[in-house]
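Biologist: I am new to this kind of model and would like to learn how to read it, one feature after another. Could we begin with the ligand and then move on to the domains?

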Amino acid sequence: MTQTTPCRLFGSELSPYSVKVRSYLRFKGIPHEWIARGPGNDAEFRKHAKLPLIPLLAMPDGQVLQDSTPIIERLEAGQPEPSIHPADPMLRFLSELIEEYADEWGNKQMFGNRWRNAADAKSAAARIAERMVPDGDDAGRAVAAIAVEERMVPRLAFVGVHDGTWDLVDASMRRLLDALELQFGLRRYLFGDRPSLADFGLWGQLYEAWTDPTPRALIDELYPNVWRWIARMLDPKIEGDWDSWTSLRPGIAHLLETEVAGLFLPWSTANTAALAAGKDTFTVTLEGKPFDQQPQKYHARSLAEIRRKYAAARDAPGLDAVLEATGCKRWLAA
Ligand SMILES: N[C@@H](CCC(=O)N[C@@H](CS)C(=O)NCC(=O)O)C(=O)O
């Protein structure tokens, strides 16, 4: 049955996972109200929230969903068309894997750019403060912006972005942008002329990066196809079909090899191992250099989840050969 009462999406314009879910709701044509999280809706948010995190989706039937990937999966199961999953099961899994990479590793690129550079941090803090403090109160907004910056900058440590790791994370963002620039020269979205789960995940992070001055200047100057896709994904539409693996292979295989198998999966596996061993910090060698951070439970849960999806999809024709050739398989089959 078509839903007519809108659901309520609590989110923030500055939150990659919130705008990701909003873009998905727009694509699916699911009626929704965007509730910019702020003091005016604190009581309602707290009543619903199991975790103090956005996005939060309050459904018309009273159900409350949190966490962007399960939110999308839940809605997709209830309303499968138009699908965000390529029809070929192999491509579907690759899209799910790239979404996982975007959520967990791509966030380091966005978050690092936003909170490491003073100009970007000031810009983001001012935009967040603008939404926290009622109209007309400039002094209040200035105080709030300082408090936001003081709260967010130390969080760089939680995502493992610091002087010792930033060059690697920044180079990883450039490589992602290079790969996407080529992909979007030939098609409207990552897996063809319609958006996939991977597009929503990557876009949440890159749209946010594009709202911050430093990465925005980079994208505007060097990545015109990515820029057009960023604009397109605000309100994505079906503009054609899924592409074949033959046509997708060069770009996707490169991304899987360098970013997913080269950085994300070994890092996430080391994070899980560190938690199991009860360690406070862990170091993993990435591209021949040490990468160290505090382990985080959330990444371990989502790694287990992508491994579960792999176990369910592994009979998909061609999948194991691609994962083997790109170096992903040993991390997923673990
Ligand atoms: N994995 C979660 C991540 C959600 C998340 O980290 N949300 C951030 C904003 S992007 C948040 O609410 N942080 C709480 C805070 O800043 O106080 C998802 O995909 O929804």
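Modeller: This is a predicted model, and in it a side-chain N or O atom of Asp67 is placed 3.2 Å from an oxygen atom of the ligand. For Ser68 the distance from a polar side-chain atom to a ligand oxygen is 2.6 Å, while for an N or O atom in the side chain of Arg155 it is 3.2 Å.

Biologist: Which residues surround the ligand?

Modeller: Reading along the chain, one finds Ser15, Pro16 and Tyr17, then Pro52, Leu53, Ile54 and Pro55, then Asp67 and Ser68, and finally Arg151, Arg155 and Tyr298 around the ligand.

Biologist: What is there to notice in the backbone of Asp67, and where does Asp67 sit?

Modeller: Its phi is near 85°, a positive value in a residue other than glycine, and Asp67 belongs to the loop that runs between β4 (64-66) and α3.

Biologist: Which residues are joined by a cis peptide bond?

Modeller: One such bond links Ile54 to Pro55, with omega about 5°, and both of these residues are among those that surround the ligand. Pro55 lies in the loop between α2 (42-48) and β3 (56-58). A cis peptide bond also joins Glu81 and Pro82, where omega is about -10°, and Pro82 is in the loop between α3 and α4 (89-116).

Biologist: How should I read the division of the chain into domains?

Modeller: The assignment gives domain 1 as 7-78, domain 2 as 89-113 together with 161-332, and domain 3 as 117-156. Measuring aside, the computed separation between the centres of domain 1 and domain 2, taken over C-alpha atoms, is 23 Å. To their contact domain 1 contributes 16 residues and domain 2 contributes 21 residues.

Biologist: How much area do domain 1 and domain 2 bury between them?

Modeller: The buried area is about 1,500 Å², with 54% of it on carbon and sulfur atoms. Three salt bridges are counted between domain 1 and domain 2, and there are 10 residue pairs in polar contact, counted where both residues have pLDDT 80 or more.

Biologist: Which elements supply the side of domain 1 that touches domain 2?

Modeller: At least two residues each come from α1 (16-28) and α3 (68-78), and the largest share, eight residues, is from α1. By class, that side of domain 1 has seven nonpolar, four polar and five charged residues.

Biologist: How far apart are the closest N and O atoms in the salt bridge of Glu73 with Lys309?

Modeller: In that salt bridge, the closest N and O atoms of Glu73 and Lys309 are 2.5 Å apart.

Technical notes:
Residues are numbered from 1 along each chain as its sequence is written. This is a predicted model: local features need pLDDT of at least 70, side-chain atom pairs count only at pLDDT 80 or more; totals for chains, interfaces and linings use all residues. Side-chain values use heavy atoms; hydrogens and water are left out. Domain bounds come from an automatic or database domain assignment. Contact means heavy atoms within 4.5 Å. Buried area is the accessible area (1.4 Å probe) that two parts lose on being put together, summed over both. A salt bridge is a side-chain nitrogen of Lys or Arg within 4 Å of a carboxyl oxygen of Asp or Glu. A polar contact is a pair of N or O atoms within 3.5 Å; within protein, one must be able to donate a hydrogen and the other to accept it, and residues adjacent in sequence count only if both atoms are side-chain atoms. Helices (H or I, at least four residues) and strands (E, at least two) are DSSP runs, numbered from the N terminus. Ala, Val, Leu, Ile, Met, Phe, Trp, Tyr, Cys and Pro count as nonpolar, Asp, Glu, Lys and Arg as charged, and the others, Gly among them, as polar. A residue is near a molecule or strand if one of its heavy atoms lies within 4 Å of it.
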